[in-house]
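User: I am new to this structure and would like to understand the reasons behind the terms used to describe it. Could we go through them one by one?

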Amino acid sequence: MCGIVAYVGEKEATPIILKGLKRLEYRGYDSAGIALLNGGLNVYKKKGKVSDLETSIQGLDLKGTAGIGHTRWATHGEPNDRNAHPHFSENKSMAIIHNGIVENYAVLKEDLIRKGHTFISDTDSEVFIHFIEEVQNKNNCPLEEAVRLALSKVVGAYAIVILCKDNPEQLIAARKGSPLVIGVGEGEYYVASDATPIIEYTKEVVYLNDYEIAVINKNKQLSIRNIEDQPTTPYIQSLDMELDSIEKGGYEHFMLKEIFEQPKSIKDCMRGRVLAQEGILKLGGINQYLNKLIHADRIVIVACGTSWHAGLVAEYIFEDLARIPVEVEYASEFRYRNPVIKEGDVVIAISQSGETADTLAAIELAKSKGAIIMGVCNVVGSSIARATHEGAYLHAGPEIGVASTKAFTAQVTVLSMIAIIVAKNKGTITESKYMELLYALDSLPAKVERALKQNDKIKEIAATFKDATNFLYLGRGCNFPVALEGALKLKEISYIHAEGYPAAEMKHGPIALIDQEMPVLFIATKDNSYEKVVSNIQEVRARKGRVIAVVTEGDTHIKDMAEFVIEVPSTHEILEPLLSVIPLQLLSYHIAVMRGCNVDQPRNLAKSVTVE
Ligand code: G6P
């Protein structure tokens, strides 16, 4: 969703901000803009891509060493030039960029209009800066104090940066609920909604906490106070991220790069944690509450999107290995449902970005009811990682493509590791099964590599089905969530309507859709439900549906039944999703490319959904 980039220092701000906004494009947006101190305080903004903004400002004199930039994902008001950020205050001495939503903006706006303010846009963000200005005028105080006072009246979520004509060497930033990172350079500062725009300039960063306000002056120490006006000492940490991890590295799209990175990302995820030869499996981050997990009556998993699918896979794994009942909840439903959570219940929150607003709210709710929250996140230092009691990082590296791929496989890997640790400690698996699982984990990266070798074949299949209008994905057991994930991937990036179903459930509805036009993708690997899935394939064939089957290497039986088969290596049954999902990712990728879709930034979608 919305992206923030700001700079104050000695360098030219515009190129830094524009480049940074491009790095944030992956988050999803529909307009872009910058405000710059170049003589006066000027705002330049445009509907569309950052490149459209660049074209519109070409030839202008944009020299200035302090500026703020924004990519907007429309919430209040349609995407157009007028609603794009930055927004001016009434007297145009200040400009704001804002991520999040001001929930009480209508009341504030009405009051401000009564006081003579006029508004150019339909946004809550413009109200925000007018309100701050009003508070400053009323109290005749420095800007940071006005921001502090104003924030105590604002309901909602925000990450803001303000640039003011009267303080040309200063930025004011604040956060609640929306992430903000400050990069600390030599006498200069960068501010962004995640570290990607900052990494090429400095690795020293400060993550702002909720309710903190930062006064950022070039050549001065960073000063942070909270909303109660207490000073806090900035905690500077070093980013463990390389520039090439956020660049395409020769691939046409980030999504393809990330699909092909999976042997490595799964390996990185297990590095130092799975030591199969020694019979060791350890996850340092979950030790403190491991006993709670072992003795839990049930586990509740909260997540959204692809992470929710990883949660569904985990349900099969936990129940099978650790014999703990698991409920997998959409965070957005859970948070508004008055859920039954007891003191000491264990909740696992899964989130790639660690910033998903609904998941964060679900965590806060469960915490308030006394639950222990474990996080499974990719982004280090993210809001969810910090809101949980403990957890395990994915270590999958930055995921830039909006459609999640390597994060899903890393999530399933981490969740499998947790389940195996619990099962071993609980005694619900034998020592030999434990060792078998460890070796199965250990051999995964090589098997994923083998699964990726089917790429050319999958490309051919994509060419056959690229004009389909519907797709059905069917699987059973822990491959049912994979069917859901395959359908989601296709929908997200190719805009083809696709549904995932448990294969047996097909008879209760989707079978009515099957005719000679309908591609049906079966995940038919050799596991417990193999024979049953074979019967389901026959049912589809009998109705002339076009069958694509993901099968275990060497399966000749299904080859005779399906129009296309894609082979994946065999593995332990509970780890099958890690291999069976690979062809589904590739299929949706190739179909989307062939349909001319913007794979990395699909329409209307955001990578990090920071509003509910
Ligand atoms: C968005 C993204 C999805 C992601 C979901 C949950 O919808 O486009 O790829 O699965 O959010 O995000 P999270 O960061 O919490 O895993």
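Analyst: Let us begin with a definition: Ala, Val, Leu, Ile, Met, Phe, Trp, Tyr, Cys and Pro count as nonpolar, Asp, Glu, Lys and Arg as charged, and the others, Gly among them, as polar. In this model, which is predicted, the residues of the shell around the ligand divide by that rule into 4 nonpolar, 8 polar and 1 charged.

User: Which residues come nearest to the ligand, and which helix gives the most to the shell?

Analyst: Of the 13 residues around the ligand, the ones that come nearest are Ser307, Ser351, Gln352, Ser353 and Thr356. Helix H9, which spans residues 305–322, gives the most to the shell, with 3 residues.

User: What makes the approach of Ser307 to the ligand a polar contact?

Analyst: A polar contact is a pair of N or O atoms within 3.5 Å, and a polar side-chain atom of Ser307 lies 2.5 Å from an oxygen atom of the ligand, so the pair counts as a polar contact. For Ser351, a polar side-chain atom lies 2.6 Å from an oxygen atom of the ligand, while at Ala606 a polar backbone atom is 2.9 Å from an oxygen atom of the ligand. Taken alone the ligand exposes 380 Å², and the protein buries 90% of that.

User: Why are H7 and H15 called roughly antiparallel?

Analyst: The axes of helix H7 (residues 262–270) and helix H15 (residues 444–452) come within 8 Å and cross at roughly 165 degrees. Angles over 145 degrees count as roughly antiparallel, and H7 and H15 are therefore roughly antiparallel to each other. Their crossing is right-handed.

User: How do you know that H17 and H19 are roughly parallel?

Analyst: Helix H17 (residues 480–494) and helix H19 (residues 577–594) pack at an angle of about 20 degrees, with their axes 9 Å apart. Because angles under 35 degrees count as roughly parallel, H17 and H19 are described as roughly parallel to each other. The crossing of H17 and H19 is right-handed.

User: What is the peptide bond from His85 to Pro86, cis or trans, and where is Pro86 found?

Analyst: The bond from His85 to Pro86 is cis, with omega near 0 degrees, and Pro86 is found in the loop between strand E4 (66–72) and strand E5 (87–88).

Conventions
Residues are numbered from 1 along each chain as its sequence is written. This is a predicted model: local features need pLDDT of at least 70, side-chain atom pairs count only at pLDDT 80 or more; totals for chains, interfaces and linings use all residues. Side-chain values use heavy atoms; hydrogens and water are left out. A residue is near a molecule or strand if one of its heavy atoms lies within 4 Å of it. A polar contact is a pair of N or O atoms within 3.5 Å; within protein, one must be able to donate a hydrogen and the other to accept it, and residues adjacent in sequence count only if both atoms are side-chain atoms. Accessible areas come from the Shrake-Rupley method with a 1.4 Å probe; for residues, only the protein chains shown count as cover. Helices (H or I, at least four residues) and strands (E, at least two) are DSSP runs, numbered from the N terminus. Axes are lines fitted to C-alpha atoms, for helices over the stretch in contact, and angles run from 0 to 180 degrees between N-to-C directions. Angles under 35 degrees count as roughly parallel, over 145 as roughly antiparallel, 65 to 115 as roughly perpendicular and the rest as oblique. A crossing is left-handed if the near helix is turned anticlockwise from the far one by less than a right angle, and right-handed if clockwise.
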